[in-house]
There are 2 protein chains.
Amino acid sequence: MQMKTGVEQSVYAILILNMLPDKAVLPGEAISQQLGASPTYFQKLLRKLVSADLITSVPGVKGGFKLRKKPEDIRVYDIYLAIEGKQSLYSSSGVLHGMLDLEEENSCCLLTNLMEEAESSWKSVLKRETVASLYEEINESYPLKVQLLQEWIKEKMVL
Amino acid sequence: MQMKTGVEQSVYAILILNMLPDKAVLPGEAISQQLGASPTYFQKLLRKLVSADLITSVPGVKGGFKLRKKPEDIRVYDIYLAIEGKQSLYSSSGVLHGMLDLEEENSCCLLTNLMEEAESSWKSVLKRETVASLYEEINESYPLKVQLLQEWIKEKMVL
DNA sequence: ATAATAAGGATAATCATTATCCGCTTTAGT
DNA sequence: ACTAAAGCGGATAATGATTATCCTTATTAT
């Protein structure tokens with residue numbers, strides 16, 4: 001039971017896009033290189049972020065990606081959800097049914113309630129932090145490195 | 001990102017063992033049949049529960065498994081931990097490092113803190129419920145079915 | 001001694017995740 | 001209009017974790 005690495009990559013990808021000037025756009029390949037991710041698969045991740053309305057894509061020769069929302073309005077949870085999907089961490093396999101030989105009607109499952117509560121507790125923490133607050137943190141911790149990243153972005157961005 | 005089905009099976013296995021009279025023991029194969037689980041793989045799960053000191057095993061011709069602790073002292077979390085292991089839900093792949101070209105020293109990772117907090121929030125819910133409370137619930141919901149299960153246990157148990 | 005059971009290792013089957021490839025569409029620049 | 005650079009979407013392969021099976025050994029009641 002491990003979170004997909006795609007979530008981590010997506011969060012940092014969005015942090016990079018957050019540093020992009022307005023109207024500018026960054027090609028997916030540039031981002032994947034900076035993150036050390038597989039370019040082709042990383043494009044699939046970006047697609048999911050687009051589908052989730054977190055970023056927008058511009059096709060064509062000067063195309064690329066940029067944020068769709070303000071960083072304060074993108075929660076880590078949104079990114080998690082975009083990549084992992086809405087499927088819950090636990091899904092009953094009906095073991096209780098077999099064990100007690102239950103009728104179809106009463107399909108309740110002891111564990112399901114508890115697990116749902118646990119999951120929503122987990123999610124609520126992910127909902128607290130936004131891209132804006134992450135960027136603040138990272139900028140306070142490594143202002144110099146962020147500066148360098150800014151310059152790299154200016155090289156690679158288009159428009 | 002899905003919890004192993006082994007967690008669900010283990011929880012219900014332990015609920016069955018909880019209904020076992022003192023000194024009695026239940027063969028692993030009987031349990032797996034009742035749960036509709038693969039017998040050989042289910043034995044592996046039982047081994048993990050033994051290693052975690054949640055149940056004890058008795059080898060030999062009248063052998064089987066029984067609870068090691070009182071049901072009030074077995075939390076759902078203990079079972080989860082026994083099966084899933086202590087590995088956390090999120091583990092950083094060092095994407096941030098590559099992105100900012102960080103030195104080894106400052107190996108902190110933005111996301112790791114948040115994810116750890118989320119995970120401990122998730123776990124704290126699993127720590128609330130015990131086998132005893134689960135048994136109460138199930139017995140209140142399906143007293144008749146539990147009765148039937150009791151009888152089945154009396155047939156299958158040994159010692 | 002035999003039979004039933006757990007223990008443990010090796011290995012296979014299955015499934016989700018990650019990765020690659022290819023053909024298509026869109027658009028800026030010439 | 002043509003070309004090149006980018007995103008889009010489908011098919012498919014590679015990888016890795018989970019689940020499942022098999023076989024051999026150890027333990028113990030009869």
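**Exercise 1.** In this predicted model, determine how the side chains of Asp78(B) and Arg75(B) meet, and classify each residue as buried, partly exposed or exposed.

*Solution.* Step 1: The side chains of Asp78(B) and Arg75(B) form a salt bridge, with an N to O distance of 3.0 Å. Step 2: A salt bridge requires a distance within 4 Å, and the pair at 3.0 Å satisfies this cut-off. Step 3: Buried means under 20% relative accessible area, and exposed means over 50%. Asp78(B), at 13%, therefore counts as buried. Arg75(B), at 32%, counts as partly exposed.

**Exercise 2.** Establish which parts of chain B are tied together by the salt bridge of Asp53(B) and Arg68(B).

*Solution.* Step 1: The closest N and O atoms of Asp53(B) and Arg68(B) are 3.7 Å apart. Step 2: Asp53(B) belongs to the loop between α3 and β1 of chain B, and Arg68(B) to the loop between β2 (64-67) and α4 (76-84) of chain B; the pair therefore ties together parts that are 15 residues apart in sequence. Step 3: Asp53(B) has 37% relative accessibility and so counts as partly exposed. Arg68(B), at 49%, also counts as partly exposed.

**Exercise 3.** Locate Glu119(A) and Lys123(A), and state whether they are buried or exposed.

*Solution.* Step 1: Both residues lie in helix α6 of chain A, four residues apart, which is about one turn of the helix. Step 2: Glu119(A) and Lys123(A) form a salt bridge, their closest N and O atoms being 3.3 Å apart. Step 3: Both residues are buried.

**Exercise 4.** Describe the pairing of strands β1 and β2 of chain A.

*Solution.* Step 1: Strand β1 (residues 55-58) and strand β2 (residues 64-67) of chain A pair in the antiparallel sense over four bridges. Step 2: Within this pairing, Ile55(A) stands opposite Leu67(A) in β2(A). Step 3: Five residues lie between the strands of the hairpin, where Gly60(A) takes a positive phi near 95°.

**Exercise 5.** Characterise the interface of chain A and chain B by its residues, its buried area and its salt bridges.

*Solution.* Step 1: Chain A and chain B each bring 54 residues to the contact. Step 2: The area buried between the chains is about 5,300 Å², and carbon and sulfur atoms give 66% of this area. Met1(A), Met99(A) and Leu110(A) supply 16% of the area that chain A buries against chain B, more than any other three residues. Step 3: Two salt bridges are found across the interface. One of them joins Glu117(A) to Arg128(B), with the closest N and O atoms 2.9 Å apart. Step 4: Of the elements on the side of chain A that touches chain B, α6(A) gives the most, with 12 residues. The residues of this side divide into 31 nonpolar, 13 polar and 10 charged.

Terms used: Residues are numbered from 1 along each chain as its sequence is written. Chains are lettered from A and ligands numbered from 1 in the order in which they are written. This is a predicted model: local features need pLDDT of at least 70, side-chain atom pairs count only at pLDDT 80 or more; totals for chains, interfaces and linings use all residues. Side-chain values use heavy atoms; hydrogens and water are left out. Contact means heavy atoms within 4.5 Å. Buried area is the accessible area (1.4 Å probe) that two parts lose on being put together, summed over both. Helices (H or I, at least four residues) and strands (E, at least two) are DSSP runs, numbered from the N terminus. Ala, Val, Leu, Ile, Met, Phe, Trp, Tyr, Cys and Pro count as nonpolar, Asp, Glu, Lys and Arg as charged, and the others, Gly among them, as polar. Two strands pair if DSSP finds at least two bridges between them. Buried means under 20% relative accessible area, exposed over 50%, partly exposed in between (1.4 Å probe, protein chains only).
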